[in-house]
Structure formats: C-alpha cells, structure tokens
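Work through the exercises below with the sequence and the coordinates open beside you. Each task is followed by a solution that proceeds step by step.

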Amino acid sequence: MWRVSDYLQVSTATETRDVGVRLAEGAVGARLAASAQVIGPVTSVFWHHGEQGSGEEWQVLLYTTAERYAQLERFVLDEHPWTNPQLSAVPIVQGSTEYLTWLSRSVEDG
C-alpha cells in the first residue's frame, strides 16, 4: 500500500519557456516524472553572488515518487543550463488513490 509521503512535487526554474519544456519533456520521457507543468512567466527575487536580484523565470513542476527522486535530481542537474539551479521537493500530503496509483505506474522502470 502506498503512503502519501512516497510522492513528491519537485520544482525548478528556467530562464525561458523552451528550456522548461525541454526539461519537462525529458524527465517525463525518461519516466523520472509522471507529469510536469511549465508555468510562467513568474517574477523571482533572489540572492546571487552576494547581491539581491530579480528576474523573469519559468517554473517547472515535476511529479514523481520518492524512490525516483535521486534519478530525477541527477537528470535536472545534468540537463539544466544553470550551474546551480533551484531544485527542491515537497511531499504530496493528499491525493486521490487513482491519481497516486497512476503516478506510481508512470514512473516505474521499463
């Protein structure tokens, strides 16, 4: 039986929509994420090289299992054009049984 803590929403940000879509398609195509959403543009405010900055970015949300997170993290870090992109995950604390079952099946190997 699954536990909701077994499921994650992983987020990163990209400079362009095209890069976000490329990351999303690659992760889903490799079965590291069951689905993804590219949202934007959004305004981000951040610290970078000791200075506060802001800019327009595209948020990428990826839905996966805790078991597949390490592989998804490696994929995003390898494929992302930034040296140190924002990459974080939060647990999905509620979800329909049908959706979570689909999510699990979608990221199974092979």
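## Exercise 1: the helix pair

Helix 1 crosses helix 2 in the right-handed sense, where right-handed means that the near helix is turned clockwise from the far one by less than a right angle, and left-handed that it is turned anticlockwise. The model is a predicted one, in which local features need pLDDT of at least 70 and side-chain atom pairs count only at pLDDT 80 or more, while totals for chains, interfaces and linings use all residues. Residues are numbered from 1 along each chain as its sequence is written, and side-chain values use heavy atoms, with hydrogens and water left out.

Task: describe the packing of helix 1 and helix 2 by angle, axis distance and residues in contact.

Solution. Step one is the choice of descriptors: two packed helices are described by the angle between their axes and the distance between the axes. Helices here are DSSP runs of H or I with at least four residues, strands are runs of E with at least two, and both are numbered from the N terminus. Axes are lines fitted to C-alpha atoms, for helices over the stretch in contact, and angles run from 0 to 180 degrees between N-to-C directions.

Step two gives the values: helix 1, residues 17-29, packs against helix 2 at an angle of about 145°, and the axes are 11 Å apart. Step three lists the contact, defined by heavy atoms within 4.5 Å: R22, L23, G26 and A27 of helix 1 meet L72, F75, V76 and E79 of helix 2. By class, this contact has five nonpolar, one polar and two charged residues, where Ala, Val, Leu, Ile, Met, Phe, Trp, Tyr, Cys and Pro count as nonpolar, Asp, Glu, Lys and Arg as charged, and the others, Gly among them, as polar.

## Exercise 2: the sheet

Task: establish the strand order, the pairings and the helices that lie against the sheet.

Solution. Step one concerns the order: the sheet is open, has four strands in the order 2-3-1-4, and pairs in the antiparallel sense. Strand 2 and strand 4 (87-91) stand at the edges with a single partner strand each, so one side of each has no neighbour in the sheet. Neighbouring strands are turned by 30° against each other on average, direction ignored.

Step two counts bridges, given that two strands pair if DSSP finds at least two bridges between them.

- Strand 2 (residues 35-48) and strand 3 (residues 51-65) are joined antiparallel over twelve bridges, including the pairs S44 with G55 and H48 with E51.
- Strand 1 and strand 3 pair antiparallel over eight bridges, and T12 stands opposite V60.
- Strand 1 and strand 4 run antiparallel with five bridges, and S11 stands opposite S88.

Step three adds the helices: helix 2 (residues 69-79) lies across strand 1 (7-14), strand 3 and strand 4, and runs at about 155° to strand 4. Helix 3 (residues 97-106) packs on the sheet and touches strand 1, strand 2 and strand 3, its direction making about 95° with that of strand 3.

## Exercise 3: burial in strand 1

Task: decide whether strand 1 is enclosed or open, and examine T14 within this strand.

Solution. Step one fixes the scale: buried means under 20% relative accessible area, exposed over 50%, and partly exposed in between, with a 1.4 Å probe and protein chains only. Step two applies the scale: seven of the eight residues of strand 1 are buried, so the strand is largely enclosed by the rest of the structure.

Step three turns to T14, which counts as buried at 0% relative accessibility. Leaving aside residues up to four places away in sequence, T14 touches V19, G20, L23, E57, W58, V60, H80 and W82. A polar atom of the T14 side chain lies 2.8 Å from the backbone oxygen of T16.

## Exercise 4: backbone geometry

Task: find where the backbone has a cis peptide bond or a positive phi in a residue other than glycine.

Solution. Step one is the cis bond, which runs from G40 to P41 with omega near 0°; P41 is found in strand 2. Step two is R31, in the loop between helix 1 and strand 2, with phi near 65° and, at 34% relative accessibility, a partly exposed position. Step three is H49, whose phi is near 55°; this residue belongs to the hairpin of strand 2 and strand 3, which has two residues between the strands, and counts as exposed at 73% relative accessibility.

Methods: A polar contact is a pair of N or O atoms within 3.5 Å; within protein, one must be able to donate a hydrogen and the other to accept it, and residues adjacent in sequence count only if both atoms are side-chain atoms.
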